Amino acid sequence: MTDRKPPGVSFESWVDKQIREATERGEFARLSGLGKPLPDDTAPYDELWWVKGKMNREGLSALPPTLALRKEAEDALEAVGRAVSESQVRRIVAEINEKIDAAIRRPPPGPPLNLTPFDVEALLTDWRASRDAGS
């Protein structure tokens, strides 16, 4: 904890002394942002900057459940494209279809889902065709 500014000492010289002593103790050498550029200060001020930063660091999302499920469905289709076996394709599609079915039965809040379960056989046909074309 810092001391109070003594009477009769100018504020500037008191602050300079505090900074110099802290530098001599090495307190500025262990700062987490040392050597990193300052964040962009040209962006407009956002009152919730710290909330957004915390959510970003924690890997959290503020998407409504329906939009998050749409994104997850897109990611599942990409995963199908990278799958190495039919059983992996079936597992990926079964997992996302289960979530889509649950959301259709009990719609979550937010914008409309606009998704239907994927046709496993059609995706497998496309997957096989992409494997044959790549050979």
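Here's a quick tour of this structure, from the whole chain down to a few single residues. Keep in mind that the model is predicted. The protein chain has five helices and zero strands, and its radius of gyration of 28 Å is well over the 14 Å that the globule rule gives for 135 residues, so the chain is more spread out than a compact globule.

**Overall shape and surface**

- Reading from the N terminus, the elements of the protein chain go α-α-α-α-α.
- The C-alpha trace spans about 85 × 40 × 25 Å along its principal axes.
- Just 18% of the 135 residues in the protein chain are buried.
- About 10900 Å² of the protein chain is exposed, and 58% of that comes from carbon and sulfur atoms.
- If you take the contacts between residues at least 6 apart in sequence, 57% of them join residues at least 24 apart.

**Charges**

- On the charged side, you'll find 20 positive and 23 negative side chains in the protein chain.
- The centres of those two sets lie 5 Å apart.

**The nonpolar core**

- In soluble globular proteins, nonpolar side chains tend to be buried together.
- Here, the largest nonpolar core has 18 residues, and L69, V89, I96 and F118 are the ones that touch the most other members.
- Three elements give two or more residues to this core: α3 (65-82), α4 (86-105) and α5 (120-134).
- The top contributor is α4, which gives six residues.
- V89 is worth a closer look: once you set aside its neighbours within four places in sequence, V89 is in contact with V80, A83, L124 and W127.

**Two loop residues, D41 and N114**

- D41 sits in the loop between α1 (11-25) and α2 (49-58).
- With a relative accessible area of 69%, D41 is over the 50% cut-off, so it counts as exposed.
- N114 belongs to another loop, the one between α4 and α5.
- N114 has a relative accessible area of 65%, also over 50%, so this residue is exposed too.
- Most residues other than glycine have a negative phi.
- N114 goes the other way, with a positive phi near 55°.
- How far apart are D41 and N114 in sequence and in space? They are 73 residues apart along the sequence, and their C-alpha atoms are 39 Å apart.

Note on methods: Residues are numbered from 1 along each chain as its sequence is written. This is a predicted model: local features need pLDDT of at least 70, side-chain atom pairs count only at pLDDT 80 or more; totals for chains, interfaces and linings use all residues. Side-chain values use heavy atoms; hydrogens and water are left out. A nonpolar core is a set of buried Ala, Val, Leu, Ile, Met, Phe, Trp, Tyr and Cys residues joined through side-chain atoms within 4.5 Å. Buried means under 20% relative accessible area, exposed over 50%, partly exposed in between (1.4 Å probe, protein chains only). Helices (H or I, at least four residues) and strands (E, at least two) are DSSP runs, numbered from the N terminus. Contact means heavy atoms within 4.5 Å. The radius of gyration is taken over C-alpha atoms; the globule rule is 2.2 Å times the number of residues to the power 0.38. Accessible areas come from the Shrake-Rupley method with a 1.4 Å probe; for residues, only the protein chains shown count as cover. Lys and Arg count as positive and Asp and Glu as negative; His and the chain ends are not counted. The place of a charge is taken as NZ of Lys, CZ of Arg, CG of Asp or CD of Glu.
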